[in-house]
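Here is a short report on a structure shown with its sequence. Please keep both in view while reading.

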Amino acid sequence: MLKRPAKLLNAAISYTTLTLLAGAFCVPFLWMVSTSLKPDTEIFAQGVHWIPRTPQWSNYPAALTAFPFARYLGNTLFIAITCSLGVVLSSSLVAYGFSRVRWPGRDALFLLMLSTIMLPEQVTLIPVFILFRKLGWTGTYLPLIVPSFFGAAISIFLLRQFFRTIPQELSDAAEIDGCSDWQIFTGIVLPLSRPALATIGLLVFINRWMDYMGPLVYLHRPEQYTLALGLYSFIGRHGAEWNLLMAAATVVTLPLVAVFFLAQKQFIEGITLTGMKG
Amino acid sequence: MLVGLAFTSPWLIGFVVFALGPVIASAYLSLTDYPLMRAPVFVGLGNYTELLGDEKFWRYAVLNTLFMFLEIPVAIGVAIALAMLLNQRLRGITLYRTLFFLPSIVPAVATAMLWRWIFNSEYGLLNAGLNSIGLPSIGWLTDPRWSKPSFILMDVWGAGGAMVIYLASLQGVPEHLYEAAHLDGAGWWSRTRFVTLPMLSPVILFSVITGVIGTFQYFTQAFIMTRGGPELSTLFYALYLFDNAFQYFKMGYACALAWVLFVITLICTLIVFRSSAKWVYYEGN
């Protein structure tokens, strides 16, 4: 009976700490939205004002027409979706080869693949850029998309771990029935791996949505820009219009927040797996 | 054998074209003078000797190392502390977990823009807050002494990604370990020190290694927030490399910079790995 008050006190302390910290973490978000709704005159007011006196909803249409938002959104979606498909397709093929087929040299190659995760992007950046330039691909989406179709080391690793949990008896039984590896792959392994495939597709999508350096290096014409690049060029032209900038930043962030709430489980799983077992 | 090779062929081709080939090409190009518009000219170790005498190179290598030593402990400490706070059986805890996690999915460009505004020395939220309690303004991004801590503060806001990983591994710590510690009369600190931290140590090792690689590749935020200023106090190594390659088109020199970066991260990683035998606890050993 002595324990109860102590427990209550503990819970009270925890809640207070959590709420204070959570409040601090929310401040930048709230400030972003608050600024995005302020008229020009209120942005540069003295002191901290959270609630705009007259919310300027018109800042949003103004921000979205100040740069070709719809076009950039389309470009970003195109790149992100194509890359997701590419990585999921290629990585699942490779992961099957690394987990469900036995062959000499497999484990050595797998280790080699894992070690490429350690290779800094900068080392390959310049030769790969020169390669794409020689192919005449700079200034197109190809350099951003094509590499996705050759598998991504972390995705391959994750899928291999997942494929290994599928009982070998299933493949053996199918083999006895005369199924080829290709049929086992498409008929048994892939359908059973839908959650893992979705997780990887999602992570790649987010990653491409946020990518800045790739488009910066390879895209030259403004009409090809992604949202990340467009947002940056927006700073150059509307540097002091913080309300419009914050409205644009809010709009670029919202889809990711929506995706997070729709697919929370895959999200957390994916981050945990890529982070823990890399 | 053939089946295995066939399934793994996408990666094999990708490895040769996008990793092995470029690594060899990069090693060769680092020995050349290559202004992109003309063919590369072999200069032996010229780029590397130039690099040794390049005052900027030393400055940024040191600056980046310093940043690494500040950033990694803070990032890991905050992530673990949050994870421990959130690893309690409390009503509504999932809501808190979500709130702490959300900032980490804001795109880097948006994060950088938002924080540029918060750090704004005249009208920014932070200085307005400081002024309202009677403290003077700070030049968060304009004072070379404050620019690095400002970046770290911004990164702490995004600690939710790492927090999730620690949380997952905290949830894997068997309850009986805590019970045993409790029976032995261990207080909160001893339980943390002798149960929680050892159980988290493999994840900490992973964070340190990705942190080493990550801080030396710190690019997007720095590119957008400060472009290296004020007084070059945030000219991170990756920015210097990018400028050499894509602003001055000194491709050979940039490749040499990339190789030095690779060697630095490799040495740091090896040191961390070597030391890990002393502080990383693996279950089952």
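The report below covers the chains, their interface, a helix pair and some individual residues.

**Overall make-up**

This is a predicted model. Chain A has 15 helices and zero strands. Chain B has 13 helices and two strands. The table sets out the two chains.

| Chain | Residues | Buried residues | Helices | Strands | Span along principal axes | Contacts joining residues at least 24 apart, among those at least 6 apart in sequence |
|---|---|---|---|---|---|---|
| Chain A | 278 residues | 40% | 15 helices | zero strands | roughly 75 × 75 × 35 Å | 75% |
| Chain B | 285 residues | 39% | 13 helices | two strands | about 70 × 70 × 35 Å | 65% |

How does the radius of gyration of chain A sit against that of a compact globule of 278 residues? Chain A has 24 Å, while such a globule would have a value near 19 Å.

**Domains of chain A**

The domain assignment splits chain A into domain 1, residues 3–60, and domain 2, residues 68–237. The C-alpha centres of domain 1 and domain 2 of chain A are 38 Å apart.

Two residue pairs give further distances in chain A. A:L89 sits in helix α4 of chain A, which covers residues 69–99. From A:L89 to A:I13 the C-alpha distance is 49 Å, and the two are 76 residues apart in sequence. A:L89 has 16 other C-beta atoms within 10 Å, so A:L89 is partly exposed. Buried status would take 20 or more such atoms, and exposed status 12 or fewer.

A:D40 belongs to helix α2 of chain A, residues 40–43. The C-alpha atoms of A:D40 and A:N59 are separated by 9.7 Å, with their positions 19 residues apart along the chain. A:D40 counts as partly exposed because it has 13 C-beta neighbours inside 10 Å.

**The interface between the chains**

How many residues of each chain take part in the contact between chain B and chain A? On chain B the number is 65 residues, and on chain A it is 68 residues. Which element supplies the largest share of the chain B side? Helix α1 of chain B, residues 2–29, supplies 16 residues, the largest share. By class, the chain B side that touches chain A holds 53 nonpolar and twelve polar residues. Charged residues are absent from that side.

**A helix pair in chain A**

Two packed helices are described by the angle between their axes and the distance between the axes. Helix α13 of chain A spans residues 227–237, and helix α14 of chain A spans residues 242–262. Their axes come within 10 Å and cross at roughly 175 degrees. Angles over 145 degrees count as roughly antiparallel. Therefore α13(A) and α14(A) are roughly antiparallel to each other.

Which residues make the contact? From α13(A) come A:L227, A:L231, A:F234 and A:I235. From α14(A) come A:L245, A:A248, A:A249 and A:V252. The contact of α13(A) with α14(A) has eight nonpolar residues, no polar ones and no charged ones.

**Local backbone features in chain B**

Some residues of chain B take positive phi values. B:L36 is one of them, at about 70 degrees, although B:L36 is not a glycine. Where does B:L36 lie? B:L36 is in the loop of chain B between β1 (32–33) and β2 (41–42). B:L36 is partly exposed because 17 other C-beta atoms are within 10 Å.

B:F249 is likewise not a glycine, and its phi is positive, near 55 degrees. This residue, B:F249, is placed in the loop between α12 (237–246) and α13 (251–279) of chain B. Is B:F249 buried or partly exposed? B:F249 has 13 C-beta neighbours inside 10 Å, so B:F249 counts as partly exposed.

Helix α6 of chain B covers residues 125–132. B:L125, B:L126 and B:N127 are buried in this helix. Just after α6(B) comes B:G134, with a positive phi of about 85 degrees.

Notes. Residues are numbered from 1 along each chain as its sequence is written. Chains are lettered from A and ligands numbered from 1 in the order in which they are written. This is a predicted model: local features need pLDDT of at least 70, side-chain atom pairs count only at pLDDT 80 or more; totals for chains, interfaces and linings use all residues. Helices (H or I, at least four residues) and strands (E, at least two) are DSSP runs, numbered from the N terminus. Two residues are in contact if their C-beta atoms, placed from the backbone, lie within 7 Å. Domain bounds come from an automatic or database domain assignment. The radius of gyration is taken over C-alpha atoms; the globule rule is 2.2 Å times the number of residues to the power 0.38. Ala, Val, Leu, Ile, Met, Phe, Trp, Tyr, Cys and Pro count as nonpolar, Asp, Glu, Lys and Arg as charged, and the others, Gly among them, as polar. Axes are lines fitted to C-alpha atoms, for helices over the stretch in contact, and angles run from 0 to 180 degrees between N-to-C directions. Angles under 35 degrees count as roughly parallel, over 145 as roughly antiparallel, 65 to 115 as roughly perpendicular and the rest as oblique.
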